[in-house]
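Visitor: I should like to go through the salt bridges and the chain contacts of this model. Please show the structure before we begin.

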2 protein chains.
Amino acid sequence: MPKRTHIAKSNKDSAIEIGAALWASPDTRTRDRERKRYAVILTAARAFRERGYHNTSIDDVARALNVTKPTIYHYVSNKEQLLFECFRAGLKEIMEAFDEVKASDATARQRLATVMCRYAEAMTSEFGWCMVQAENQDLSTGMSKKVRALKSEIDHGIRQLIKEGTLDGSIRKCDAKITAFAVAGAMNWIAYWYRSSDSLTATEVANRFIELFLLGLQPR
Amino acid sequence: MPKRTHIAKSNKDSAIEIGAALWASPDTRTRDRERKRYAVILTAARAFRERGYHNTSIDDVARALNVTKPTIYHYVSNKEQLLFECFRAGLKEIMEAFDEVKASDATARQRLATVMCRYAEAMTSEFGWCMVQAENQDLSTGMSKKVRALKSEIDHGIRQLIKEGTLDGSIRKCDAKITAFAVAGAMNWIAYWYRSSDSLTATEVANRFIELFLLGLQPR
């Protein structure tokens, strides 16, 4: 009997193991799906940056991951959607930074510096290229609108912090719109020149940018 | 006799007029060719910006000018060359600014401000789009190299002024390479957002940018 129990137990354990391998728990399944989805987007972002959007096919992305084309279509409906997801993955970092500083009681200048740091880091990431190049790829009208709307959200977030800074006295009186464009422009351009092989880390680039924008070039 | 002289004179005058109309003087011919060449480049720059490089044909440019396609080929050998000329027309403004400040005995900070002003103006010009987009258009290797070489010249010019500024004391000690990238990035980005219908003129945008980069956001 004890042996039987043991066998029964053992069979059950083994079934659970097999089940776990074949049908992951809902939590694991969600996590697994998220991980796979991220791998698809990351691989696409690399391919787009290296070969250009128009020279990259869904097939190329599938081949790089050693999966079939339908597997990719499981995560995105077309190539444009894939580019959009790359764009959004980079933007997410910046959006999260805005959310984080919302609760902070630091000065607006300090909050802006935090956002700038995360912005610079996003631009040095694998998604940087897609973030600045998405709009230049002859997107459909609907997709183009979505990209512009998200970009505009970031732009308005920066303007808002600058305006708050001129009110709390942490930022010199200035044209918030033009200043936000200058900051975003400098940040966005990082994606054009930064290579992960650069001698500076993303954080080091971010800190130099923040110092420049906060202190200016004229000695104090 | 007086009458005959008069007729002769009159005939001569008239021939000169006809000659002048049909065979312009070498000076006029050169000026005329330059004017026509500029019209071709300007029309192409507008078309590239409005429709995108890949969606614009030499035919489109010819049609816009109401001339034949061979007329365009009189000035450039192909569409890529046309884009390059647009790129170069914008860059010329910045190159000239560097030449101008070379002879000046102003501080490096003031010389940098002069270059930044002309840089911003170039980016708000009809050529701004081509200046930042040229490199993204799947250019041939040779053309890509030429574009990058010219961009690099501008980049090194800015770095040089920053370095000189840290030596003459007019610029705070900073990382010249990263600072030059930030300045150029902010400037280049103007081409993405500036519209000639904007409430600010090119010079007003330039002055706000210069103030930001020189004074910084932190109150002094």
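Visitor: With which residue does Lys36(B) form a salt bridge?
Guide: In this predicted model, the closest N and O atoms of the pair are 3.2 Å apart, and the cut-off is 4 Å. Both partners belong to helix α2 (residues 26–51) of chain B and lie four residues apart, so about one helical turn separates them. Lys36(B) is partly exposed at a relative accessible area of 43%, and its partner, partly exposed at 28%, is Asp32(B).

Visitor: Is Asp60(A), the salt-bridge partner of Arg63(A), buried or exposed?
Guide: The two residues are three apart in helix α3 (residues 58–65) of chain A, about one helical turn, and their closest N and O atoms are 3.4 Å apart. Arg63(A) has a relative accessible area of 57%, over the 50% limit, and is therefore exposed. Asp60(A) has 15%, under the 20% limit, and therefore counts as buried.

Visitor: Which residue of chain A forms a salt bridge with Arg208(B)?
Guide: This pair crosses between chains, starting from helix α10 of chain B and ending in the loop between α8 (141–168) and α9 (176–193) of chain A. Arg208(B) is partly exposed at 34% relative accessibility, and its partner is partly exposed at 26%. The closest N and O atoms are 2.9 Å apart, and the partner is Asp175(A).

Visitor: How many salt bridges are there between chain B and chain A?
Guide: Over all chains, the count comes to 37. One that joins the two chains links the side chains of Glu211(A) and Arg172(B), at 3.0 Å from N to O. Between chain B and chain A, the count is four.

Visitor: Which three residues supply 22% of the area that chain B buries against chain A?
Guide: The area buried between the two chains is about 3900 Å², with carbon and sulfur atoms giving 62% of that area. No other three residues of chain B supply more than this set. One of them, already met in a salt bridge with Glu211(A), is Arg172(B); the full set is Arg172(B), Trp189(B) and Leu217(B).

Visitor: As by what kind of axis are the two copies related?
Guide: Chain B can be laid on chain A with an RMSD of 0.1 Å by a turn of 180° and a shift of 0.0 Å along the axis. The copies are thus related as by a two-fold rotation axis.

Visitor: Which C-alpha of chain B is nearest that axis?
Guide: The C-alpha in question lies 1.8 Å from the axis. It belongs to Gly216(B).

Definitions and conventions
Residues are numbered from 1 along each chain as its sequence is written. Chains are lettered from A and ligands numbered from 1 in the order in which they are written. This is a predicted model: local features need pLDDT of at least 70, side-chain atom pairs count only at pLDDT 80 or more; totals for chains, interfaces and linings use all residues. Side-chain values use heavy atoms; hydrogens and water are left out. Copies are superposed by least squares on the C-alpha atoms of residues with pLDDT of at least 70 in both. Buried area is the accessible area (1.4 Å probe) that two parts lose on being put together, summed over both. Buried means under 20% relative accessible area, exposed over 50%, partly exposed in between (1.4 Å probe, protein chains only).
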